[in-house]
Amino acid sequence: MLDWVKKMHQEKKLDVLVDKGLGSSYDHIELEEMVQVALLCTQYLPGHRPKMSEVVRMLEGDGLAERWEASQRTDSHKFKVPDFTFGRCYSDLTDDSSLLVQAVELSGPR
């Protein structure tokens, strides 16, 4: 669902997020701001998410634009999980077959 909302935001199709019963009786700018705040609150890394006091200020119209711009710059450098391969993880270990058996057993489905 989060990916869908991000896509609707990028494509400027936020009206699909609004209750159909409202028709066009809502503020489009406030909708944009609320979606931005929601997206800030759902960032992958907890340290990048705003504190509740910041959320309140942003919803009151203070600091959202700056925080949103900063998140967009950070988003271009997304958190990347290191690409470890089996060989690299165990290359420093001695050639002990019990270690390899244990590693294979742990790498299966849980």
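Trp 68 is buried in this predicted model. Its relative accessible area is 11%. The cut-off for buried is under 20%, so Trp 68 falls on the buried side. Trp 68 belongs to helix H4. Now look along the chain to Leu 39. The two residues are 29 positions apart in sequence, and their C-alpha atoms are separated by 9.2 Å.

Leu 39 also serves as a landmark for another residue, Val 5. The C-alpha atoms of Val 5 and Leu 39 are 8.5 Å apart, with 34 residues of separation along the chain. Val 5 sits in helix H1. Val 5 counts as buried too, because its relative accessibility is 17% and the limit is 20%.

Step back to the whole chain. It has six helices and zero strands. Read from the N terminus, the elements run α-α-α-α-α-α. The chain holds 110 residues, and 18% of them count as buried.

Which residues touch the most other members of the largest nonpolar core? They are Leu 31, Val 35, Val 37, Leu 39, Leu 40, Met 58 and Leu 64, out of 13 residues in that core. Three elements each give two or more residues to this core: helix H2 (28-41), H3 and H4. H2 supplies the largest share, with five residues. There is a broader pattern to keep in mind here. In soluble globular proteins, nonpolar side chains tend to be buried together.

Next come the charged pairs. Side chains of opposite charge can pair when their charged atoms come close. How many salt bridges does the count give? The count comes to two.

Take Arg 67 and Glu 54. Their side chains meet in a salt bridge, at 3.2 Å from N to O. Arg 67 lies in helix H4 and Glu 54 in helix H3, so the pair ties together parts that are 13 residues apart in sequence. Is Glu 54 buried or partly exposed? Glu 54 is partly exposed, with a relative accessible area of 23%.

The other pair is Lys 13 and Glu 11. The closest N and O atoms of this salt bridge are 3.4 Å apart. Both partners are partly exposed. Lys 13 has a relative accessible area of 40%, and Glu 11 has 35%.

Now turn to the surface. Which residues form a negative surface patch? Glu 60, Asp 62, Glu 66 and Glu 69 do. Pick out Asp 62 among them. Asp 62 lies in the loop between helix H3 (52-59) and helix H4 (64-75). Its relative accessible area is 48%. A patch residue needs over 30%, so Asp 62 clears that limit. Asp 62 still counts as partly exposed, because the exposed class starts over 50%.

Nonpolar residues can be found on the surface as well. Met 1, Trp 4 and Val 16 make a nonpolar surface patch of about 350 Å². Trp 4 is found in helix H1 (residues 2-10). Trp 4 is partly exposed, with a relative accessible area of 39%. Set the two tryptophans side by side: Trp 4 is partly exposed at 39%, whereas Trp 68 is buried at 11%.

Notes:
Residues are numbered from 1 along each chain as its sequence is written. This is a predicted model: local features need pLDDT of at least 70, side-chain atom pairs count only at pLDDT 80 or more; totals for chains, interfaces and linings use all residues. Side-chain values use heavy atoms; hydrogens and water are left out. Patches are made of residues with over 30% relative accessible area and no salt bridge: like charges are joined within 9 Å, nonpolar side chains (Val, Leu, Ile, Met, Phe, Trp, Tyr) within 5 Å. Accessible areas come from the Shrake-Rupley method with a 1.4 Å probe; for residues, only the protein chains shown count as cover. A salt bridge is a side-chain nitrogen of Lys or Arg within 4 Å of a carboxyl oxygen of Asp or Glu. Lys and Arg count as positive and Asp and Glu as negative; His and the chain ends are not counted. The place of a charge is taken as NZ of Lys, CZ of Arg, CG of Asp or CD of Glu. Helices (H or I, at least four residues) and strands (E, at least two) are DSSP runs, numbered from the N terminus. Buried means under 20% relative accessible area, exposed over 50%, partly exposed in between (1.4 Å probe, protein chains only). A nonpolar core is a set of buried Ala, Val, Leu, Ile, Met, Phe, Trp, Tyr and Cys residues joined through side-chain atoms within 4.5 Å.
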